[in-house]
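Trainee: Could you take me on a close look at the place where ligand 2 sits? I would like to see what surrounds the ligand and what kind of space holds it.

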Amino acid sequence: MPRMMTSDPDNLFDRPDAPIRPFEFDADVARVFPDMVRRSVPGYAELVGLSGLIARRVARPGTACYDLGCSLGAVTRAMLRQVPATVRIVAVDNAPAMIAGLRDRLADVPGAERIELICADVEAVRIEQASLVVLNLTLQFIPPERRLSLLQGIRAGLVPGGALLLAEKIRVLDDRNGAWLTALHEDFKRANGYSELAIARKRAALERVLVPDSIETHEQRLAAAGFIEVTRWFQSLNFVAWIAWT
Ligand SMILES: C[S@@+](CC[C@H](N)C(=O)[O-])C[C@H]1O[C@@H](n2cnc3c(N)ncnc32)[C@H](O)[C@@H]1O
Ligand SMILES: O=C(O)C(=O)C[C@]1(C(=O)O)C=C[C@@H](O)C=C1
């Protein structure tokens, strides 16, 4: 599995005096993001490393691989290590601080000239001649009513045999199981050193910003977008990943 990026420690939600405002991918979040995501998403390193291995199998010479909502490019760089040299890699994020951070991190990476960085809304980017599109923890930030049309656009831009890799925080429909998984996710955060205050404040900040769907909703939407076969290949607590084939 790849070496993880280092960053400043995430203490953004530890300040009791800071106002709770909706979560944003601003410069503060970009500065601590590798530490934040590693301590907040169970299995994140495995998810990224396996995404690279999937890219190795799926990427076709002469096509493109897209990393939509790339943040600091953990998946982008996993792809770069695994795909043939004739594959174009396109990394998209609408947070300027993330794109700037990724640009810095790519400065001395061999082969990085194959990566095109785009600071834009993923809904505004036309997907073309793609063998693989990755949405790693990104669809959950798109307004629910627009998720199907985003997936349809991705489906239309994939070459035959191409695939979408989707990873999301999920909502569990059954109240008892949902509460249990949420409690365990919070235990995971506590075990990684987050305080009760930080957990509660981040929960409030993410409300209405990160809107999770159920496994059922995701799978029905992937079918509605025209994907013919969908395989769930990863789950760690309330985080799930699928591969959806054209
Ligand atoms: C949880 S992070 C994704 C993590 C990243 N894919 C990884 O593997 O490390 C979500 C990212 O999606 C970006 N994002 C959210 N909505 C977006 C949109 N509409 N267009 C482009 N990027 C978006 C955010 O700026 C953020 O960097
Ligand atoms: O911290 C949480 O509870 C999360 O949901 C994790 C999550 C995500 O899934 O995108 C939320 C925001 C940060 O970008 C990192 C991870």
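Mentor: Let's start with α1, which gives three residues, the largest share of the shell around ligand 2. This is a predicted model, so please read every value below as computed from predicted atoms. Along with α1 (27–40), the helices α6 (175–191) and α7 (196–206) each supply at least two residues of that shell. In total, 15 residues surround ligand 2, and the closest are Phe25, Gln140, Lys169, Lys189 and Lys202. If you sort the shell by class, you get nine nonpolar, three polar and three charged residues.

Now look at the lysines. A polar atom in the side chain of Lys202 is 2.6 Å from an oxygen atom of ligand 2. For Lys189, a polar side-chain atom lies 2.7 Å from an oxygen atom of the ligand, and for Lys169 the corresponding distance to a ligand oxygen is 2.9 Å. As for how covered the ligand is, ligand 2 taken alone exposes 360 Å², and the protein buries 97% of that.

Next, step back to the space itself. Ligand 2 takes up space that belongs to the largest pocket, and about 680 Å³ of space lies in that pocket. Its lining is made of 39 residues, with Phe25, Ser71, Leu137, Thr138 and Phe141 nearest the centre. You will recognise Phe25 from the list of residues closest to the ligand. Here, too, α1 provides the largest share of the lining, this time four residues. The helices α1, α3 (74–82), α6 and α7 each give at least two residues to the lining of the largest pocket. By class, this lining divides into 22 nonpolar, nine polar and eight charged residues.

There is one more space to explore, the second largest pocket, with about 510 Å³ of space. It is lined by 22 residues, and those closest to its centre are Lys169, Thr182, Arg203, Pro212 and Asn238. Lys169 may look familiar, as it is also among the residues closest to ligand 2. The elements that give two or more residues to this second lining are α6 and α7, and α6 brings the largest share, seven residues. The classes in the lining of the second largest pocket are eight nonpolar, four polar and 10 charged residues.

Key
Residues are numbered from 1 along each chain as its sequence is written. Chains are lettered from A and ligands numbered from 1 in the order in which they are written. This is a predicted model: local features need pLDDT of at least 70, side-chain atom pairs count only at pLDDT 80 or more; totals for chains, interfaces and linings use all residues. Side-chain values use heavy atoms; hydrogens and water are left out. A residue is near a molecule or strand if one of its heavy atoms lies within 4 Å of it. A polar contact is a pair of N or O atoms within 3.5 Å; within protein, one must be able to donate a hydrogen and the other to accept it, and residues adjacent in sequence count only if both atoms are side-chain atoms. Accessible areas come from the Shrake-Rupley method with a 1.4 Å probe; for residues, only the protein chains shown count as cover. On a 1 Å grid over the protein atoms alone, a cavity is a set of points where a 1.4 Å probe fits but cannot get out, and a pocket is an open set with protein on both sides within 12 Å along at least five of seven lines; lining residues have an atom within 4 Å of a point. A molecule sits in a cavity or pocket if more than half of its atoms lie within 2 Å of its grid points. Ala, Val, Leu, Ile, Met, Phe, Trp, Tyr, Cys and Pro count as nonpolar, Asp, Glu, Lys and Arg as charged, and the others, Gly among them, as polar. Grid points are joined across faces, edges and corners, and a volume is the space filled by probe spheres set on the points.
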